[in-house]
Amino acid sequence: MCIRDRYSPTRIKTFDDCKLKYKYQYIDKLESDLITIERFRGDIVHDVLEEFYKLVKGGHIKPKDWVLGKYKELWEKNYTDSVKIVKKEFTVGDYFNKGIQCLIDYYDNYKPFDQAKIVDTERLINFDIEFNGIKYPFCGVLDRLDWNDEDNIFEVHDYKVSNQLITQEEADNDWQLGLYHVALKEKWPEI
């Protein structure tokens with residue numbers, strides 16, 4: 001987890017999205033127990049992929065049924081009625097099933113999971129960005145960092161559960177990916 005006094009991609013996105021939310025969360029340090037169903041589903045999918053890739057890194061590739069079973073187990077263990085559904089046209093089941101479909105699509109697309117070597121999962125990175133002679137401390141957490149021997153590059157994987165893929169233009173302008181690139185260049189200047 002990032003140190004609260006450091007900047008992060010999440011802090012920047014919060015500021016871009018809503019200045020008042022940024023003030024409440026990062027200046028006033030007000031806590032909120034509101035969890036939306038989208039965030040809940042995303043967290044569960046993220047946790048499943050994190051556990052799966054730790055096993056893959058150790059040479060143990062679990063079958064798709066294991067991935068889906070882990071998702072169901074974590075969902076049932078952690079879901080409560082306090083999770084907020086904003087879009088009333090969708091049910092809890094709709095969100096659950098969307099997570100299942102995301103994992104099925106992901107598994108089918110990346111199987112046999114040998115495209116690159118897993119360097120780390122949930123890697124905390126700390127780095128500075130200098131602007132006008134002032135250093136600003138940043139941090140972030142890489143969902144997964146891989147090394148691709150074929151292309152001789154690091155790959156940063158950031159799990160997202162949304163209704164559509166981002167475009168190349170959106171990826172090129174993404175704060176999070178850009179900052180992670182800066183962090184990796186600071187740690188490994190030759191990459």
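# Exercises on a predicted model

Phe113 has a relative accessible area of 6% and is therefore buried. The model in which these exercises are set is a predicted one.

## Exercise 1: Overall layout

Determine how many helices and strands the protein has, and in which order they follow along the sequence.

Solution.
- Step 1. The count gives 7 helices and 5 strands.
- Step 2. Reading along the sequence gives the pattern α-α-β-α-α-β-α-β-β-β-α-α.
- Step 3. For the extent, the C-alpha trace spans about 50 × 45 × 30 Å along its principal axes.
- Step 4. Of the 191 residues, 32% count as buried.
- Step 5. Take the contacts between residues at least 6 apart in sequence: 63% of them join residues at least 24 apart.

## Exercise 2: Packing of helix 3 and helix 5

Describe the geometry with which helix 3 and helix 5 pack, and list the residues that meet.

Solution.
- Step 1. Helix 3 covers residues 37-57 and helix 5 covers residues 92-110; their axes are 10 Å apart, at an angle of about 30°.
- Step 2. The two helices make a right-handed crossing.
- Step 3. Helix 3 contributes Ile37, Glu38, Arg41, Val45, Val48, Leu49, Phe52 and Tyr53, while helix 5 contributes Tyr95, Lys98, Gly99, Leu103, Tyr106, Tyr107 and Tyr110.
- Step 4. Sorted by character, the residues of this contact are 11 nonpolar, 1 polar and 3 charged.

## Exercise 3: One residue of that contact

Is Val48 buried or exposed, and which residues does Val48 touch?

Solution.
- Step 1. Val48 belongs to helix 3.
- Step 2. Its relative accessibility is 0%, so Val48 counts as buried.
- Step 3. Leaving out residues up to four places away in sequence, Val48 touches Val67, Lys70, Tyr71, Leu74 and Leu103.
- Step 4. Ile191 serves as a distance reference: Val48 and Ile191 are 143 residues apart in sequence, and their C-alpha atoms are 30 Å apart in space.

## Exercise 4: Aromatic pairs

Classify the ring pair of Tyr53 and Tyr106 from its centre distance and plane angle, then do likewise for Tyr107 and Phe113.

Solution.
- Step 1. The whole structure contains 22 aromatic pairs.
- Step 2. In the pair of Tyr53 and Tyr106 the ring centres are 6.4 Å apart and the planes stand at 90°, so the pair is edge-to-face, the cut-off for that class being over 60 degrees.
- Step 3. This pair links distant parts of the chain, as Tyr53 in helix 3 and Tyr106 in helix 5 are 53 residues apart.
- Step 4. Both Tyr53 and Tyr106 are buried.
- Step 5. For Tyr107 and Phe113, centres 4.9 Å apart and planes at 65° give an edge-to-face pair.
- Step 6. Tyr107 has a relative accessibility of 6% and therefore counts as buried.
- Step 7. These four residues are found in one aromatic cluster, made up of Phe52, Tyr53, Trp66, Tyr106, Tyr107, Tyr110 and Phe113.

## Exercise 5: Backbone exceptions

Find where a cis peptide bond occurs, and give the phi values of Phe113 and Glu122.

Solution.
- Step 1. Start from the general expectation: most peptide bonds are trans, and most residues other than glycine have a negative phi.
- Step 2. The bond joining Lys111 and Pro112 is cis, with omega about 20°.
- Step 3. Pro112 is in the loop between helix 5 and strand 3.
- Step 4. Phe113 has its place in the loop between helix 5 and strand 3, and its phi is positive, near 65°.
- Step 5. Glu122 is in strand 3, with a positive phi near 50°.
- Step 6. The relative accessible area of Glu122 is 28%, so Glu122 is partly exposed.

## Exercise 6: Two buried residues with polar side chains

Decide whether Arg123 and Thr14 count as buried or exposed, and list what each touches.

Solution.
- Step 1. Arg123 is in strand 3, residues 117-131.
- Step 2. Its relative accessibility of 18% is under the 20% cut-off, so Arg123 counts as buried.
- Step 3. The side chains of Arg123 and Asp120 share a polar contact of 3.4 Å.
- Step 4. Beyond four places in sequence, Arg123 touches Gly140, Val141, Leu142, Leu145, Lys187 and Trp188.
- Step 5. Thr14 is in helix 1, residues 9-17, and counts as buried because its relative accessibility is 8%.
- Step 6. Not counting residues up to four places away, Thr14 touches Lys19, Lys21, Tyr22, Gln25 and Tyr26.

Technical notes: Residues numbered from 1 in each chain as written. Predicted model: local features only at pLDDT ≥ 70, side-chain atom pairs only at ≥ 80, totals over all residues. Heavy atoms only, no water. Helix = DSSP H or I, 4+ residues; strand = E, 2+ residues; numbered from the N terminus. Buried < 20%, exposed > 50% of the residue type's maximum accessible area, 1.4 Å probe, protein only. Polar contact = N/O pair within 3.5 Å; in protein donor to acceptor, adjacent residues only side chain to side chain. Contact = heavy atoms within 4.5 Å. Axes fitted to C-alpha atoms, helices over the stretch in contact; angles between N-to-C directions. Left-handed = near helix turned anticlockwise from the far one by under 90°. Nonpolar A, V, L, I, M, F, W, Y, C, P; charged D, E, K, R; others polar. Phe/Tyr/Trp six-rings, centres within 6.5 Å; stacked < 30°, edge-to-face > 60°.
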